[in-house]
Amino acid sequence: MPLAVLVGVDLGTPHFDKELEELGLLADTAGMRVVARITCKRQAPDAALFVGSGKADEIKLLAQMHGATEILFDQSLSPAQQRNLERHCELPVNDRTMLILTIFAQRARSHEGKLQVELARLQYLSTRLVRRWSHLERQSGGIGMRGGPGEKQIELDRRMLGESIKRTKERLAKVVKQRSTQRRQRARREAFTISLVGYTNAGKSTLFNALVKARTYTADQLFATLDTTTRQLYLGEAGRSVSLSDTVGFIRDLPHGLVDAFRATLQEAADADLSLHVVDASNPNFPEQMAEVALVLREIGAADVPQLLVFNKLDALDKARWPLQLQDMFEVDGQPVPRIFLSAQSGEGLPALRLKLAELAIAKIPIADAATQYPEWNEDAARLGTIDE
């Protein structure tokens, strides 16, 4: 098992994780064991080493003391910074982006998921050809050689990566076409489509299984599932079925390459009639997690999809922190949004959620009008704010 030292640099961002808790969870999910953590504060990253030579010496000494085999940074490193740090510390150095890519590569199960991860990995590697490889400075060419006369190895590798990216994009394009066909079929059937979105480990897959009795893999870890799963959910109160999709979870600083690669999957969220935004109510940082989800939704064009907030993991809250009512309104970007508290694990609040989904599916009422159509959602509207109130 790889032994990792975690490094975090506070650049003045509001979401800096002083305890490196999320990076530690990512490392654990990737199969690593964290042996040490170190943080520092800088006004701006050092151009060569990101942390400066003095702190780099401290990181190297800490890694040697604990027998670490790898160093993980909570921020994204430039190719040059990564190369310089590896030479300085004499250990492999990776950043948050590479760690997330590693986890995605381990967890992808479907053909589509594997293609998406491969595309993101190739795009990431295409910027890392300046790393440790000494052979990249050699030239190759001549009769019988793969490269042209005088073509450097780095140019050959870059060309081969470019060709692999092109082939993977072509294969993904076919998947996009297939998904588009499936969405058109659902549209012709006038199916009411619901998409589960939320921060990773908020309990989306557990809620999905509880609603449709599926067997989607669930675990108390980040990115337990990557592949989008769509099932029919029968709502007896509405006398009809709706289409429910479970999508990949989001996370802070989700690599743009992954967002682009998973665009075919995330398109389910953009084309849905309703987004069930699942929030981990037991996490004290849930407002920041909600903001990160909103950021990704804007990036994929799903910001205008009506939302219903589902504050999950009610069973993980102390009774003293339980809300006064399990249904109320919560302010998001200055707008009141309906909210339901529940526990997908214990089943608390699930009947109320099914009833609300049925009410919306019957008439496909815009969520903005739902509070008017169903006044009981406004009973606690004056109590906008956090669950601690």
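Which phenylalanines do ring pairs link into a cluster? In this predicted model, the cluster consists of Phe-286, Phe-311, Phe-330 and Phe-341, joined to one another through ring pairs. We will come back to that cluster after walking through an earlier part of the chain, where a sheet and its helices offer a good place to begin.

The sheet in question is an open one of four strands, arranged in the order β2-β1-β3-β4 and with parallel pairing. Its edge strands are β2 and β4, each of which pairs on one side only. Strand β1, which covers residues 3-10, pairs with β3 in the parallel sense over four bridges, and within this pairing Ala-4 stands opposite Glu-70 of β3. Strand β3 also pairs with β4, a strand made of residues 93-94, again in the parallel sense but here over two bridges, and in this case Ile-71 is the residue that stands opposite Val-93 of β4. To get from β3 to β4 the chain passes through helix α3, residues 79-89, and this β-α-β crossover is right-handed.

Strand β3 itself, which runs over residues 70-73, deserves a closer look, for Glu-70 and Leu-72 point one way from the strand while Ile-71 and Phe-73 point the other way, and all of them are buried.

Next comes helix α2, which spans residues 53-66. The helix has 14 residues and reaches 20 Å from its first C-alpha to its last, close to the 20 Å expected at 1.5 Å a residue. Its buried residues are Lys-55, Ala-56, Ile-59, Leu-62 and Ala-63. Seen down the axis of α2, these buried residues fall within an arc of 125°, and they therefore line one face of the helix. The face turned away from this buried side carries the exposed residues Gln-64 and Met-65. Why does Met-65 count as exposed? The relative accessibility of Met-65 is 60%, and a residue is called exposed when this value is over 50%. Along the chain Met-65 and Ala-36 are 29 residues apart, and their C-alpha atoms are separated by 9.6 Å.

A second helix can be set beside this one: α4, residues 96-107, has 12 residues and reaches 17 Å from its first C-alpha to its last, close to the 16 Å expected at 1.5 Å a residue. The buried residues of α4 are Arg-96, Thr-97, Leu-99, Ile-100, Leu-101, Ile-103, Phe-104 and Arg-107.

We can now turn to the aromatic rings, of which a search of the whole structure finds five pairs. In one of these, the rings of Phe-50 and Phe-73 have their centres 6.0 Å apart and their planes at 85°, and because planes over 60 degrees apart count as edge-to-face, this pair is edge-to-face. Since Phe-50 lies in the loop between β2 and α2 whereas Phe-73 belongs to strand β3, the pair ties together parts that are 23 residues apart in sequence. Both Phe-50 and Phe-73 are buried.

Another edge-to-face pair brings us back to the cluster with which we began: the rings of Phe-286 and Phe-311 have their centres 5.2 Å apart and their planes at 75°. This pair links distant parts of the chain, with Phe-286 in helix α10, residues 286-299, and Phe-311 in strand β11, residues 307-312, 25 residues apart. Phe-286 counts as buried at 5% relative accessibility, and Phe-311 is buried too, with a relative accessible area of 0%. Besides its ring partner, Phe-311 has Arg-339 lying over its face, at 4.7 Å from the ring centre. A further contact of this kind involves Lys-319, which lies over the face of Trp-322 at 3.8 Å from the ring centre.

Finally, the backbone itself holds two details that are worth finding in the structure. Leu-20, in the loop between β1 and α1, has a phi near 55°, a positive value in a residue other than glycine, and at 1% relative accessibility Leu-20 counts as buried. Lys-313 likewise has a positive phi, of about 65°, although it is not a glycine, and this residue is found in the loop between β11 and β12. Is Lys-313 buried or exposed? With a relative accessible area of 18%, Lys-313 is buried, because the cut-off for a buried residue is under 20%.

How values were computed: Residues numbered from 1 in each chain as written. Predicted model: local features only at pLDDT ≥ 70, side-chain atom pairs only at ≥ 80, totals over all residues. Heavy atoms only, no water. Buried < 20%, exposed > 50% of the residue type's maximum accessible area, 1.4 Å probe, protein only. Pairing = 2+ DSSP bridges. Right-handed = clockwise from strand over helix to strand, strands pointing away. Phe/Tyr/Trp six-rings, centres within 6.5 Å; stacked < 30°, edge-to-face > 60°. Lys NZ or Arg CZ within 6 Å of the ring centre and 35° of its normal. Expected span 1.5 Å × (residues − 1). Arc of directions from axis to C-beta.
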